[in-house]
Amino acid sequence: MYFLDTNIFLHLIFPKVDRVKHANVVALFEKAALGEISLWTTEWVVAELIWFLGRKNFNWKKIQQSMLEDVFGTKGLEVRGRKWLEEVIEKAKKPTDFVDLVNLEILAGEKVKYIYSYDHGFDKYKGFKRLEP
Amino acid sequence: MSYLVTVTSKRQITLPKELMDVLGVEKGDKLIARKHGKKIAIEAKGKGVLNMIGKFGDLHVPKGKTIDDLVNEAVLESTKNVFP
């Protein structure tokens with residue numbers, strides 16, 4: 001099993017950045033699709049990919065659709081924490097929501113009721129109370 | 001990847017399984033066939049990460065920098081308000 005880092009996906013998505021690296025990444029995914037190798041990545045790599053694309057102002061709907069259909073639909077690629085990540089991606093309405101929701105899902109999993117933060121954005125979410133030190 | 005395929009009397013062709021696997025194309029999927037001069041390009045709309053190629057347009061990477069540099073710079077940029 002081979003771990004994939006975020007930059008592998010970015011070199012796939014943006015061919016013009018480095019044509020050679022892009023071609024090599026395509027060949028890697030083709031090998032995986034044919035069952036010659038097994039690729040594996042984590043929810044954090046996909047989260048970083050989503051966050052980066054959002055940061056570069058790419059369309060959120062397109063990012064959502066790409067992750068749910070393209071990344072998760074890739075033959076020979078296993079994503080750890082996929083189900084959890086799918087739910088967060090579906091819930092988020094914009095990239096900044098996505099980052100907050102990742103934290104909120106973790107908080108909910110740990111049954112945290114209070115958080116310290118100066119970010120008023122958290123006030124719209126239920127299930128815990130935001131406090132300021 | 002190149003394959004030799006045969007056109008039947010009903011103008012149908014069979015796609016090699018390997019090609020379908022790589023592109024994530026399944027039975028019943030729709031494909032787009034386009035004419036490019038003397039060539040026919042068949043565009044797959046199957047599932048899979050290869051569909052993401054070019055989907056987001058271009059990413060400008062300044063000379064001498066890598067994609068990882070851009071990711072790291074974006075992280076630093078996003079924390080500017082927190083750690084000015």
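# Exercises on a predicted two-chain model

Of the six residues in β1(B), the number that are buried is zero, so this strand lies largely in the open. The structure is a predicted model, and the exercises below work through chain B, its contact with chain A, and the interior and sheet of chain A.

**Exercise 1. Describe how β1(B) and β2(B) are joined, and decide whether the residue Gly37(B) is buried or exposed.**

Step 1. Begin with the pairing: β1(B) and β2(B) run in the antiparallel sense and are linked over six bridges. One of the residues concerned is His36(B), whose bridge partner in β2(B) is Lys39(B).

Step 2. Turn next to the connection, where the two strands make a hairpin with two residues between them. Gly37(B) lies in that loop, between β1 (31–36) and β2 (39–44) of chain B, and in the turn Gly37(B) takes a positive phi of about 65°.

Step 3. Count the surroundings: Gly37(B) has 5 C-beta neighbours inside 10 Å, and because a residue with 12 or fewer is classed as exposed, Gly37(B) counts as exposed.

Step 4. Finally, place the turn relative to another residue of the chain: the C-alpha atoms of Gly37(B) and Pro62(B) are separated by 35 Å, although the two residues are 25 apart along the chain.

**Exercise 2. Locate Ile13(B), and work out which residues Ile13(B) touches when those up to four places away in sequence are not counted.**

Step 1. Ile13(B) sits in the segment before α1 of chain B.

Step 2. With 12 C-beta neighbours inside 10 Å, Ile13(B) counts as exposed, since the class of exposed residues takes in those with 12 or fewer.

Step 3. Leaving aside residues up to four places away in sequence, Ile13(B) touches Val5(B), Thr6(B) and Val7(B).

**Exercise 3. Establish how many residues each chain gives to the contact between chains A and B, and characterise the side that belongs to chain B.**

Step 1. The contact draws 22 residues from chain B and 29 residues from chain A.

Step 2. On the chain B side, the elements that give two or more residues are α1 (17–23) and α2 (67–78), and the largest share, five residues, comes from α2(B).

Step 3. Sorted by class, this side of chain B has 11 nonpolar, five polar and six charged residues.

Step 4. Add the confidence values before reading further: among the elements of chain B, α2(B) has the lowest mean pLDDT (84) and β1(B) the highest (87). Chain B as a whole has a mean pLDDT of 85, with 90% of its residues reaching 70 or more, while the model scores ipTM 0.80 and pTM 0.79.

**Exercise 4. Identify which residues touch the most other members of the largest nonpolar core, and then describe the sheet of chain A.**

Step 1. The largest nonpolar core has 38 residues, of which Leu12(A), Val46(A), Leu49(A), Ile50(A) and Met67(A) touch the most other members. Helix α3 (residues 43–55) of chain A gives the most to this core, with seven residues.

Step 2. Follow Leu12(A): apart from residues up to four places away in sequence, Leu12(A) touches His22(A), Val25(A), Val26(A) and Phe29(A), and also Val49(B), Met52(B) and Ile53(B) of chain B.

Step 3. The sheet is open, with three strands in the order β1-β2-β3 (chain A) and parallel pairing. At its edges stand β1 (2–3) and β3 (77–79) of chain A, each with a single partner strand, so one side of each is left without a neighbour in the sheet.

Step 4. Strand β2 (residues 39–41) of chain A pairs with β3(A) over three bridges, and Trp40(A) stands opposite Glu78(A) in β3(A).

Technical notes
Residues numbered from 1 in each chain as written. Chains lettered and ligands numbered in written order. Predicted model: local features only at pLDDT ≥ 70, side-chain atom pairs only at ≥ 80, totals over all residues. Helix = DSSP H or I, 4+ residues; strand = E, 2+ residues; numbered from the N terminus. Buried ≥ 20, exposed ≤ 12 C-beta atoms within 10 Å, placed from the backbone. Contact = placed C-beta atoms within 7 Å. Nonpolar A, V, L, I, M, F, W, Y, C, P; charged D, E, K, R; others polar. Core = buried A, V, L, I, M, F, W, Y, C linked by C-beta atoms within 7 Å. Pairing = 2+ DSSP bridges. pLDDT = per-residue confidence, 0-100.
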